[in-house]
Amino acid sequence: MNKIRLTNITNNEIFTYSTILIKGFVDIHDESNIILKHYSNNGKQLAESRWSVNKNKFKIIIELKIGDNMLVFKFANEVLHTKLVYRQRVTNYTVCPVYVICADHDGRFQAPVDHDNSVQNACTKITLCSKLIQMLTAEKMYEKGFGKKTFKVEKECRIIKSSLTRRTVFNMHPEKLWEYIARELTAGQNSKTQKYLAFLSCTYWDGQNLHGHVALGGGGLALFGTGCLYTWPSKLEEVLPCFMNMAKVDTGTLLDDSCFRGNFGGCFSTTLGSVWHELGHTFDLGHSKYGIMGRGFDNVHLIFTLDNKNIAQEIKPANKGYIICIENYSNTINMKDDMSNNNNTTENETIDEYDSKHIICWSMGCASILSFHKWFNDFKEENNNEHKIDYVAKRNLLTSRNGLRVVQLRREDGLVMHSWEFVKNNNKRTFILPVQLANNGITIIAEDSYGNILKYLL
């Protein structure tokens, strides 16, 4: 038996996204690195990289090429050959990365003096991290038992010149700013099949106050400031070093949005996780008591790193945080405290122990919604708009000829109070909301087998 084992991929596995995470272990006690050689189908070597092994475990991030990808892993005297296939999804439902530049701004984001803060580099960072979020979504769906389903990211980051000036942006309420940018992005566009992941170039920290900052997601737009874009990688090989960058943030000149961790790596982890969280809202997800749609997103670095250390030893804040943070991620809610009333899927047994322990995951309700969502499937168009979901308020009755898959009751703040999933039953055509629960929320969310979604205000 080969002493190099891969735990989250299989030989000849087909991927619909290009940036992937490979996890595995070696049954050899050796302190050397594992070597990965990446070949095309015709035998041309595309890349060679070395990765640390910690307590016999390793994690590798690579970029697949379209078609067959031949991988050769070497550790000590052991060699493992694996083939992975990358086939792009053919779908009109996409996520488009966008860089929004104010009318009177040159597009350069705030950064240290020696950092490339050009528009081009901003777009490079945004595109790369959009693909990381695409991969993270797939990995967490896989761990929840739904396969590596994820959304499609458009290849290029669009640059949009807004009609708003910096001063106007600085004085706008975040929700009003979100609404304005949403209108600008969707004007003349087929917004029914596109969601926008947009970043404002003009975010500015003056040493005491933050201007032009927003972190809001919903509908067809997730919108963010760029106050910590300086901590994000521009190349795939920079991802791990950026997470592990313990350089302290000079808060006199730069924004520290690290959940009180005070370093570059903490800023990258928190802000990338926040983007992931807000993008989740555009896919109709509510808040959960744990995980990605709770506060689990602060510790995204744990998915990539091996040493199982919190990069942010708690530092008491001198100033308020711009994302409300949990005090200590090791004291968060137990994963078993899920609001699901019908957990009938089998979670994948290869979940990384440390990831699982610190609940960087989808709740069952979130994973179920994504599993049947239009952006995660290739439904025929004729199935998408027929026989939608109906709700009869007098009887608390939901009906769908397509079959109900998820029903949720949410509070005003979006927190899911109760969730029912019918992922293995496509004949669930009716659902009666228990009358004793009707007063526990203000909104009913229901999804059918073709990703049609009903939102009903009680």
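Angles from 65 to 115 degrees count as roughly perpendicular. That cut-off will help with the helix pair in the first view below; please keep in mind throughout that this is a predicted model.

**View 1. Helices H1 and H5 cross each other.** Here you can follow helix H1 (residues 119-143) and helix H5 (residues 264-282), whose axes come within 10 Å and cross at roughly 70°. H1 and H5 are therefore roughly perpendicular to each other. The crossing in which H1 passes H5 is right-handed. On the H1 side, the residues in contact are Cys129, Leu132, Ile133, Leu136, Thr137 and Lys140, and on the H5 side they meet Phe268, Leu272, Val275, Trp276 and Leu279. By class, the residues of this contact divide into nine nonpolar, one polar and one charged.

**View 2. Three strands form an open sheet in the order E1-E3-E6.** Pairing in this sheet is antiparallel. At the edges sit strand E1 (4-6) and strand E6 (57-63), each of which pairs on one side only. From one strand to the next, the twist averages 30°. Helix H1, the helix you met in the first view, packs on this sheet, where it touches E3 and E6, and its direction makes about 50° with that of E3.

**View 3. A closer look at the pairing of E1 with E3.** Strand E3 spans residues 19-26, and its antiparallel pairing with E1 runs over three bridges. If you would like a residue pair to zoom in on, try Leu6, whose bridge partner in E3 is Gly24.

**View 4. A second open sheet has four strands, in the order E20-E19-E22-E23.** Its pairing is antiparallel. Strand E20 (416-421) and strand E23 (453-457) are the edge strands, each pairing on one side only. Leaving direction aside, neighbouring strands of this sheet are turned by 15° against each other on average. Strand E22 (residues 443-448) and E23 run antiparallel and are joined by five bridges. One residue pair to pick out is Thr443 with its bridge partner Leu457 in E23.

**View 5. Helix H8 lies across strands of the four-stranded sheet.** The helix covers residues 364-371 and lies across strand E19 (404-410), E20 and E22. Its direction runs at about 135° to E19.

**View 6. Confidence varies along the chain.** The mean pLDDT of the protein is 88, and 86% of its residues reach 70 or more. Over residues 312-338, however, the pLDDT is below 50, although this stretch has 56 contacts in the model beyond near neighbours in sequence. Residues 349-358 also stay under 50, and for them the model has 21 contacts beyond four places in sequence. A friendly caution before you zoom in: where pLDDT is low, the predicted coordinates should not be read in detail.

Technical notes
Residues are numbered from 1 along each chain as its sequence is written. This is a predicted model: local features need pLDDT of at least 70, side-chain atom pairs count only at pLDDT 80 or more; totals for chains, interfaces and linings use all residues. Side-chain values use heavy atoms; hydrogens and water are left out. pLDDT is the predictor's confidence in each residue, from 0 to 100. Contact means heavy atoms within 4.5 Å. Axes are lines fitted to C-alpha atoms, for helices over the stretch in contact, and angles run from 0 to 180 degrees between N-to-C directions. Helices (H or I, at least four residues) and strands (E, at least two) are DSSP runs, numbered from the N terminus. Angles under 35 degrees count as roughly parallel, over 145 as roughly antiparallel, 65 to 115 as roughly perpendicular and the rest as oblique. A crossing is left-handed if the near helix is turned anticlockwise from the far one by less than a right angle, and right-handed if clockwise. Ala, Val, Leu, Ile, Met, Phe, Trp, Tyr, Cys and Pro count as nonpolar, Asp, Glu, Lys and Arg as charged, and the others, Gly among them, as polar. Two strands pair if DSSP finds at least two bridges between them.
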